[in-house]
Amino acid sequence: MHALKGRIAAFPYPFPEDTYRYSTNVEPANTPNTTAAGGWGATIIDIDEDYHAELAERATVLAADPTRHAVLPHMRPAAWDAMLTVMGELAGAYPDRMSLRNLGGDVWRWHNAILDDTREFRYGDEASLGQEPLAYITTQVQEDIALLDQRNEQLYVDAGVVTFAADWSFGFDVGMSFLEIHGPVPRVRRDGVITRAHDFLKRLQPHQPYRRTNWTLTIGHRLDVSTERYPDWGPDREMIQSVADDEFGRLVNLRVEVQHLIRLPDSGALMFLIRTYMLSLEELATVEDWRVRTAQVLAALPDDMAEYKGIIKYRDRAARWLTEAAPAATGGHSP
Ligand code: HEM
């Protein structure tokens, strides 16, 4: 599909089938996935045209609410491990713009030509970097980052910088176990999805990165739909029901998270990267396969899942909107 470029071509379309159910949907990272419009996933860290805007937005969120950043004391080594691992990934993926050089011993030089940012630091020495390492590395990537400690056969979310949470609160969840965090998700206990994921994650080895996608709908191109900001975005779920069709198609976004799961080599902690992409229904409908399949997935999504995702009040309309957006040649009409 050469005509399609940019966000649409690179969108990580998440539905391999016409119905969606929760599953332990992990696959090895670094292998490109092709889609009806293009492809995604050639690199673990993805820099796109929204780089500057999203980094600026993260800075604004953090300035207003410091609880989006936490590193419990025992996770300090893991934060360094995460920073160096992400720098290595960036330098490998974008060698013309990013570089990481070892200057001997523990001393490193990082250069990001996009931001014109250079740091020389001694690994483990916060003063030499000038900042807590997880806070620094999330000024270089669009991904949110959570770090999980593994102890007593369990994983605990004990560090992170998460500014673009989809309807959850990092500040509330920090320190909680992986199993506790997934407690509110319907079905997954019964289906064994989360216990299987937990077992899988506990066995994950360094240098074997995995990834998965998760999705929901978001009204407006709003990255920060955290629980903390609910008063700002919650009322949109009512508002959207009364807007005109063309506005509905522009405002409702399919929101997809590409999540990477990486065992850090030095600390043994688990790094969870969350990268958020959005495409409006209007954009989605320009790719015929996506239009048809997304309509089917939304229409067939069980109520408990739609309720949990917070989309129950408008998912039927979204499915209808996509169905009615069929190209004229196939018998439909533009909404
Ligand atoms: C939500 C599965 C890894 C944090 C969910 C949901 C599923 C899921 C099915 C519900 C999503 C929805 O309906 O929109 C998995 C699987 C994983 C995984 C299969 C690994 C293979 C992680 C990790 C974290 C995490 C490593 C660490 C931070 C969350 C949070 C939520 C969530 C915070 C929202 C919970 C809430 O409603 O408060 N996960 N997850 N997940 N997951 Fe995971």
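These are my notes on the ligand and on one residue, Met-305, in this structure.

**Starting out.** I'm working with a predicted model here.

**The iron.** I looked up which protein atoms act as donors to the ligand's iron atom. His-182 is the only one, through NE2 at 2.0 Å. I then traced where His-182 sits: it belongs to the loop that runs between α7 (178-181) and α8 (188-191).

**The shell.** Next I checked what surrounds the ligand. There are 19 residues around it, and Tyr-22, Trp-168, His-182, Tyr-308 and Lys-309 come nearest. Sorted by class, I get 13 nonpolar, three polar and three charged residues. I also asked myself which elements each supply at least two residues of this shell. They are α7, α9 (193-203), β10 (210-219) and α15 (303-309).

**Polar contacts.** I went after the oxygen atoms of the ligand. Tyr-22 has a side-chain N or O atom 2.3 Å from a ligand oxygen. For Tyr-308, a polar side-chain atom lies 2.3 Å from an oxygen of the ligand. With Asn-214, the distance from a side-chain N or O atom to a ligand oxygen is 3.4 Å.

**Met-305.** I stayed with α15, as this helix holds Met-305. Is Met-305 buried or exposed? It's buried, because its relative accessible area is 0%, and the cut-off for buried is under 20%. Leaving out residues up to four places away in sequence, I found Met-305 touching Tyr-20, Arg-21, Tyr-22, Pro-186 and Arg-187. I picked out Tyr-20 for a distance check: 285 residues separate it from Met-305 in sequence, while their C-alpha atoms are 9.8 Å apart in space.

Notes:
Residues numbered from 1 in each chain as written. Predicted model: local features only at pLDDT ≥ 70, side-chain atom pairs only at ≥ 80, totals over all residues. Heavy atoms only, no water. Donors = N, O, S within 2.8 Å, 3.2 Å for Na, K, Ca; no water. Helix = DSSP H or I, 4+ residues; strand = E, 2+ residues; numbered from the N terminus. Near = heavy atom within 4 Å. Polar contact = N/O pair within 3.5 Å; in protein donor to acceptor, adjacent residues only side chain to side chain. Nonpolar A, V, L, I, M, F, W, Y, C, P; charged D, E, K, R; others polar. Buried < 20%, exposed > 50% of the residue type's maximum accessible area, 1.4 Å probe, protein only. Contact = heavy atoms within 4.5 Å.
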